[in-house]
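This briefing is intended for a reader who is beginning to study protein structure. Please examine the sequence and the structure shown below, and then read the points that follow.

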Amino acid sequence: MTGELHLEIQVAGNTLDVSRLAPEAHPIARAVAEVFLAHTRPWFIGLVCFGSAARGGVIPGASDLDFHLYLDDAAFSEEGNLPLDLCMAIQRDLALLSQSR
């Protein structure tokens, strides 16, 4: 990830600020952030976005938008894993976003 532009999606209360991302990325970044926040709010520390779609210069069908989710240690088991049901719920809701596009 050397040289990548990393942009944090700001969360204040219930407000998600994606304004630092490329305008074309706003709708999907907001939707993805809402999914992560809905499922992880008690442990949520931050969400960082990077990839070509975050920087701008979007190429339809080729640009990517990647996310790193940061959570408090309390979210994880002693083995360092998130609960399976939580992971499955997040995956289900992210898949619904993909289907709606």
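The largest nonpolar core consists of twelve residues: Leu16, Ala31, Val32, Ala33, Val35, Phe36, Leu37, Phe44, Leu47, Leu86, Ile90 and Leu97. At least two residues of this core come from each of H1, strand E3 (44-50) and helix H3 (84-99). H1 makes the greatest contribution to this core, with six residues. A second, separate core has eight residues, among them Leu21, Ala29, Cys49 and Leu65. The model described here is a predicted one.

**Nonpolar side chains in general**

- In soluble globular proteins, nonpolar side chains tend to be buried together.

**Overall architecture**

- The chain contains three helices and four strands.
- Along the sequence, these elements follow the pattern β-β-α-β-α-β-α.
- Of the 101 residues in the chain, 34% are buried.
- The chain exposes about 6,300 Å², and carbon and sulfur atoms supply 54% of that area.
- Among contacts between residues at least 6 apart in sequence, 57% join residues at least 24 apart.

**Helix H1**

- Helix H1 covers residues 26-40, which is 15 residues.
- At 1.5 Å a residue, H1 should span 21 Å, and the expected span is taken as 1.5 Å times one less than the number of residues.
- The end C-alpha atoms of H1 are 21 Å apart, which agrees with the expected span.
- Which residues of H1 are buried? They are Ala29, Ala31, Val32, Ala33, Val35, Phe36, Leu37, His39 and Thr40.
- An α-helix has 3.6 residues a turn, so residues three or four places apart point the same way.

**His39 and Thr40 in H1**

- His39 is found in helix H1.
- Is His39 buried or exposed? His39 is buried, because its relative accessible area of 19% falls under the 20% limit for a buried residue.
- Leaving out residues up to four places away in sequence, His39 touches Leu86, Ala89, Ile90, Arg92 and Asp93.
- Thr40 also belongs to helix H1, and its relative accessibility of 0% makes Thr40 a buried residue.
- Apart from neighbours within four places in sequence, Thr40 is in contact with Leu69, Leu71 and Ile90.
- Ile90 therefore appears in the contacts of His39 and in those of Thr40, and Ile90 is also listed in the largest nonpolar core.

**The salt bridge**

- How many salt bridges are counted? The count comes to one salt bridge.
- This salt bridge joins the side chains of Arg92 and Asp93, with a distance of 3.0 Å from N to O.
- Arg92 has a relative accessible area of 48% and is therefore partly exposed.
- Arg92 and Asp93 are also among the residues that His39 touches.

**Cysteines**

- A search of the whole structure finds zero disulfides.
- Cys49 has a relative accessible area of 0% and is therefore buried, and Cys49 is one of the residues of the second core.
- Cys87 has a relative accessibility of 33% and so counts as partly exposed.

**Pairs of residues distant in sequence**

- Val48 lies in strand E3 and is buried, with a relative accessible area of 16%.
- The C-alpha atoms of Val48 and His68 are 5.1 Å apart, although the two residues are 20 residues apart along the chain.
- Where is Gly57 placed? Gly57 is in the loop between helix H2 (52-55) and strand E4 (66-71).
- Gly57 counts as exposed, because its relative accessibility is 59% and exposed residues have values over 50%.
- Gly57 and Glu24 are 33 residues apart in sequence, and their C-alpha atoms are 9.0 Å apart in space.
- Asp73 is located in the loop between E4 and H3, and Asp73 counts as exposed at 67% relative accessibility.
- Asp73 and Trp43 are 30 residues apart along the chain, and a distance of 7.7 Å separates their C-alpha atoms.

Methods. Residues are numbered from 1 along each chain as its sequence is written. This is a predicted model: local features need pLDDT of at least 70, side-chain atom pairs count only at pLDDT 80 or more; totals for chains, interfaces and linings use all residues. Side-chain values use heavy atoms; hydrogens and water are left out. Buried means under 20% relative accessible area, exposed over 50%, partly exposed in between (1.4 Å probe, protein chains only). Contact means heavy atoms within 4.5 Å. Accessible areas come from the Shrake-Rupley method with a 1.4 Å probe; for residues, only the protein chains shown count as cover. A salt bridge is a side-chain nitrogen of Lys or Arg within 4 Å of a carboxyl oxygen of Asp or Glu. A nonpolar core is a set of buried Ala, Val, Leu, Ile, Met, Phe, Trp, Tyr and Cys residues joined through side-chain atoms within 4.5 Å. A disulfide is a pair of cysteine sulfur atoms within 2.5 Å.
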